[in-house]
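Me: Please take one strand of this structure and walk me through it closely. Tell me what it pairs with, how covered it is, and which charged contacts sit in and around it.

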Amino acid sequence: MPGNEVRERRHRSVLPFTAAPAEVRLLRRAATAQLGQWGMPHAVDEAELVVTELATNVIKHVGEGTSATLVLEWGGERLRVEVHDVSHSVPSVSAAGCDDECGRGRHLLAAVTADWGTVVTAAGKSVWCEIPLAPEPTCQRMERAAAALRGYRPAADAAVEGRLRDVALKESAVELIADLLHWTASCGFDPDDILDQAQLHYEAEPDIAA
């Protein structure tokens, strides 16, 4: 029955950018921040590599100053990375020689992604890659924590960048834990016991405690 269908939750981020060398670093940083908000730090290395390669290809083959868009979409076991531009020229994977930087880049994409391809549109094209996500026992906890902090204190919003954002998130985490301890005490529980139990759960998962 339709009412019993389980629908996969999907996350999507759209980031317009201008194809320029200085923009690639900012775009990579924005992608990293977005994955952090989704509780996916384990996917950052591959995503940064893919974002860099796709954005750099727009500069090389479409032209510096071109308007383009990065789309990140996560659902299930894969992270999809798309870059949309205004060119209808379709890239291909060819045999790469020692000095063929472009060929090596495309082979690198093929090596770190589960699949990739190109879709031609009326406005140009999109080049997409899908990054497989290895099982990550801490992912769900990280996502829940990130969502709680974003809703707990506006100062920890993604609009705050760099060191200021890190400080705001740390302060939010401390205040959230303190408020939870006050709440447990008001319910008749021992806050120290709650902390001890939380510490045991934390240490029982090596990927979190590492």
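Reply: Start with one pair of residues. H11 has W74 as its bridge partner in β2. That strand, β2, is our part. Keep in mind that the model is predicted.

The pairing with β1 comes first here. β1 and β2 run antiparallel and are joined over 8 bridges. A charged contact also links these strands. E73 and R12 form a salt bridge, with their closest N and O atoms 3.3 Å apart. E73 sits in strand β2, residues 67-75, while R12 sits in strand β1, residues 11-18. The two residues are 61 residues apart, so this pair links distant parts of the chain. E73 has a relative accessible area of 17%. Buried means under 20%, so E73 counts as buried.

How covered is the strand as a whole? Of the 9 residues of β2, 7 are buried. The strand is therefore largely enclosed by the rest of the structure.

Now turn to β3. β2 and β3 pair in the antiparallel sense, over 7 bridges. G75 has R78 as its bridge partner in β3. The two strands form a hairpin, with 2 residues between them. One residue in the turn is G76, which has a positive phi of about 70°.

Follow β3 onward, and more charged contacts appear. R80 and E130 meet through their side chains in a salt bridge, at 3.1 Å from N to O. R80 lies in strand β3 (residues 78-85) and E130 in strand β5 (residues 125-132). The pair therefore ties together parts that are 50 residues apart in sequence. R80 and E130 are both buried.

A further salt bridge joins the side chains of D85 and K125, at 3.0 Å from N to O. D85 is in strand β3 and K125 in strand β5, 40 residues apart. D85 is buried, at a relative accessible area of 8%. K125 is buried too, at 5% relative accessibility. Salt bridges with shared partners also join R78, R80, E82 and E130 into one network. R78 is the residue we met as the bridge partner of G75.

How many salt bridges does the structure hold? The count is 6.

For contrast, look at the surface. D190, D192, D193 and D196 form a negative patch there. D193 is in helix α6, residues 191-203. D193 has 37% relative accessibility, so it counts as partly exposed. E73 in β2, at 17%, is buried.

Methods:
Residues are numbered from 1 along each chain as its sequence is written. This is a predicted model: local features need pLDDT of at least 70, side-chain atom pairs count only at pLDDT 80 or more; totals for chains, interfaces and linings use all residues. Side-chain values use heavy atoms; hydrogens and water are left out. Patches are made of residues with over 30% relative accessible area and no salt bridge: like charges are joined within 9 Å, nonpolar side chains (Val, Leu, Ile, Met, Phe, Trp, Tyr) within 5 Å. Accessible areas come from the Shrake-Rupley method with a 1.4 Å probe; for residues, only the protein chains shown count as cover. A salt bridge is a side-chain nitrogen of Lys or Arg within 4 Å of a carboxyl oxygen of Asp or Glu. Lys and Arg count as positive and Asp and Glu as negative; His and the chain ends are not counted. The place of a charge is taken as NZ of Lys, CZ of Arg, CG of Asp or CD of Glu. Helices (H or I, at least four residues) and strands (E, at least two) are DSSP runs, numbered from the N terminus. Buried means under 20% relative accessible area, exposed over 50%, partly exposed in between (1.4 Å probe, protein chains only). Two strands pair if DSSP finds at least two bridges between them.
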